[in-house]
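Q: I would like a close look at a single part of this protein, set out in one connected answer. The structure is as follows.

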Amino acid sequence: MANIYDGAFRTILNDCRKLIIPVINEIFGETYTGEEEIQFFPNEHFIDQQDEADKERITDTNFTVFGKTPKKYHIECESSLPDGRITIRPFEYDAQIALDEGEVTEETLTVTFPNTAVLYLRTYQKTPDKMKYVIVTPGGTVQYDVPIMKVQKYSLDDIFEKRLLILIPFYIFSHEKSFPEYNGNERKLAELKAEYQEILERLDGQERQGVIGAFDKRTIIELSGDVIKEIAQKYENVQKGVGDIMGGALIETEARTILNQGIRETKKQTALKLLKRGKQTVEEIAEDTGLSVTEVEQLAAEKSR
């Protein structure tokens, strides 16, 4: 189950990269504008195991934001009850990320740990507001906090006002405890469906304002449907009621996509020409053509085969 949610989180981050900036600002108190370059790095890391074969671990995110000073970030998505293991796992990743990218100069190893946070989809009484790492070394003790972002803390108004649109696919978690009531009460279910209709209308508004593109909106809607299907699988009325709303929005979006296929094909051909010239970055080509960074990267990969 958790893999569905982790997969949704990785997908929206990789396909809609600019949407991570407001989340970073919210968690770490940064003031990024959204125009910064974001570079993602491989999520696969091999953790050394004493007397055992190395284990492959996959982080949810590993990326650098190039602001005035480049900063590396690592965010994990967690839906389970806090049990202590979540405290260990990010540190393992952080240490391996730091080691993988460490620099050796004149027998001096320099490792840089990323700015790390955990996104909790479910909130329990035991869920803390932060984690703390204390590292005792022969040269002194280092300690730092790892902030925790609680999805259920944010209302729809919060999400849209702060542009935390990455949280929308997981907004349904704030209603999870009420699923039994929704499933057996048509009036309550209608209220939930109306709330999701409002989400779609507000996403349309964000698209009209240029905050997100059509690709971003479609990704948010599609992943929201995937998460709803998973989390409400025991509640048929909830799954079908809210799922049909998101599915209908996808069909409408697909119709628009068919109408715009000719335009998109032209954009792809333009992107291929720009890639062939090799004078622009992937991000610049994406901005000039209106394609997503992921689409341009895919075109570049196909071109190099």
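Is Glu37 buried or partly exposed, and what is its relative accessible area?

A: In this predicted model, Glu37 is partly exposed, its relative accessible area being 38%. The residue is found in strand S1, which spans residues 37–40. Because patch members must have over 30% relative accessible area and no salt bridge, the value of 38% for Glu37 meets the area condition. Glu37 indeed belongs to a patch of negative charge on the surface, where it gathers with Glu35, Glu284, Glu287 and Asp288. The largest share of this patch comes from helix H10 (residues 282–289), which supplies three residues.

The surface also carries a nonpolar patch of about 360 Å², made by Leu99, Val104, Leu109 and Val111. Among these residues, Val104 lies in strand S6 (residues 103–105) and counts as exposed, with 62% relative accessibility.

Charged side chains are also engaged in salt bridges, of which a search of the whole structure finds 16. One of them joins Glu26 and Lys162, with an N to O distance of 3.1 Å. This pair links distant parts of the chain, 136 residues apart: Glu26 sits in helix H2 (residues 20–28), and Lys162 in the loop between helix H4 (156–161) and helix H5 (179–184). Glu26 is partly exposed at 27% relative accessibility, and Lys162 is likewise partly exposed at 40%.

Another salt bridge is formed by Glu176 with Arg122, whose closest N and O atoms are 2.8 Å apart. Here too distant parts of the chain are linked, 54 residues apart, with Glu176 in the loop between H4 and H5 and Arg122 in the loop between strand S8 (115–120) and strand S9 (130–137). Glu176 is partly exposed, with a relative accessible area of 23%, whereas Arg122 is buried at 12%.

In a further pair, the side chains of Glu207 and Lys217 meet at 2.7 Å, N to O. Glu207 belongs to helix H6 (residues 186–208) and Lys217 to helix H7 (residues 214–231), 10 residues apart. Glu207 counts as partly exposed at 25% relative accessibility, while Lys217 counts as buried at 3%. In addition, Lys130, Lys132 and Asp145 are linked in a network of salt bridges.

As for disulfides, the count comes to zero. Cys16 is buried, with a relative accessible area of 3%, and Cys77 counts as buried at 2% relative accessibility.

Definitions and conventions. Residues numbered from 1 in each chain as written. Predicted model: local features only at pLDDT ≥ 70, side-chain atom pairs only at ≥ 80, totals over all residues. Heavy atoms only, no water. Patch = residues over 30% accessible without salt bridge, like charges linked within 9 Å, V, L, I, M, F, W, Y side chains within 5 Å. Areas by Shrake-Rupley, 256 points an atom, 1.4 Å probe, with all protein chains shown as cover. Salt bridge = Lys/Arg side-chain N within 4 Å of Asp/Glu carboxyl O. Lys, Arg positive; Asp, Glu negative; His and termini not counted. Charge placed at Lys NZ, Arg CZ, Asp CG, Glu CD. Helix = DSSP H or I, 4+ residues; strand = E, 2+ residues; numbered from the N terminus. Buried < 20%, exposed > 50% of the residue type's maximum accessible area, 1.4 Å probe, protein only. Disulfide = S-S within 2.5 Å.
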